[in-house]
Amino acid sequence: QVQLVESGGGLVQAGGSLRLSCAASGRISSVNSMGWYRQAPGKQRELVAIITSGGSTMYADSVKGRFTISRDNAKNTVYLQMTSLKPEDTAVYYCIYTRVGDYWGQGTQVTVSS
C-alpha cells in the first residue's frame with residue numbers, strides 16, 4: 001500500500017501562484033510515476049502533469065508554460081508549482097502515484113478568484 005498526503009492548496013487571486021506538495025509513504029518503488037490530476041465541479045477528472053522517477057514530464061496543454069512539476073526522490077515527494085493562475089484552474093487537485101496500480105491522495109482545493 002502507498003499513502004499520499006497533499007498540501008499547499010488555497011485561495012489565490014488570478015495571476016497569483018501556489019505550490020502543491022504530495023508526500024508518498026509505504027511500499028514505494030524506486031521506479032514509479034507521480035503527478036497531479038484535477039477535478040472542477042461538474043467536470044471529469046483530468047490530467048495536469050506527470051513526472052517519472054527518471055525525471056520525464058508531461059503536461060496538459062492548458063497548463064504548459066504556467067505549471068512546473070518536480071520531485072525529490074529522496075523524500076518521495078512531488079511538487080506542482082503553479083503560476084499565472086486563472087479562474088479556470090479552480091478545482092480539487094489530486095496527487096497520484098503509479099507503479100502497479102494507482103494510488104490517490106485525498107485532494108486539495110485550489111480556488112482562483114477573478
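A disulfide is a pair of cysteine sulfur atoms within 2.5 Å. The structure is a predicted model, in which local features need pLDDT of at least 70, side-chain atom pairs count only at pLDDT 80 or more, and totals for chains, interfaces and linings use all residues. Residues are numbered from 1 along each chain as its sequence is written, and side-chain values use heavy atoms, with hydrogens and water left out.

**Exercise 1.** Determine how many disulfides there are by this rule, and describe the link.

*Solution.* Step one: the rule gives one disulfide. Step two: the sulfur atoms of cysteine 22 and cysteine 95 are 2.0 Å apart, and the two residues form a disulfide. Step three: the angle about the S-S bond is -85°, and the link of cysteine 22 and cysteine 95 is left-handed. Step four: cysteine 22 belongs to strand 3 (residues 18–26) and cysteine 95 to strand 9 (residues 91–99), so the pair ties together parts 73 residues apart in sequence. Strands here are DSSP runs of E, at least two residues, numbered from the N terminus.

**Exercise 2.** Establish whether cysteine 22 is buried or exposed, and do likewise for glutamine 13.

*Solution.* Step one: buried means under 20% relative accessible area, exposed over 50%, and partly exposed in between (1.4 Å probe, protein chains only). Step two: cysteine 22 has 0% relative accessibility and therefore counts as buried. Step three: glutamine 13 has a relative accessible area of 61% and is therefore exposed.

**Exercise 3.** Locate glutamine 13 and name the residues that it touches.

*Solution.* Step one: glutamine 13 lies in strand 2 (residues 10–13). Step two: not counting residues up to four places away in sequence, glutamine 13 touches Val112 and Ser113, where contact means heavy atoms within 4.5 Å.

Key: Helices (H or I, at least four residues) and strands (E, at least two) are DSSP runs, numbered from the N terminus.
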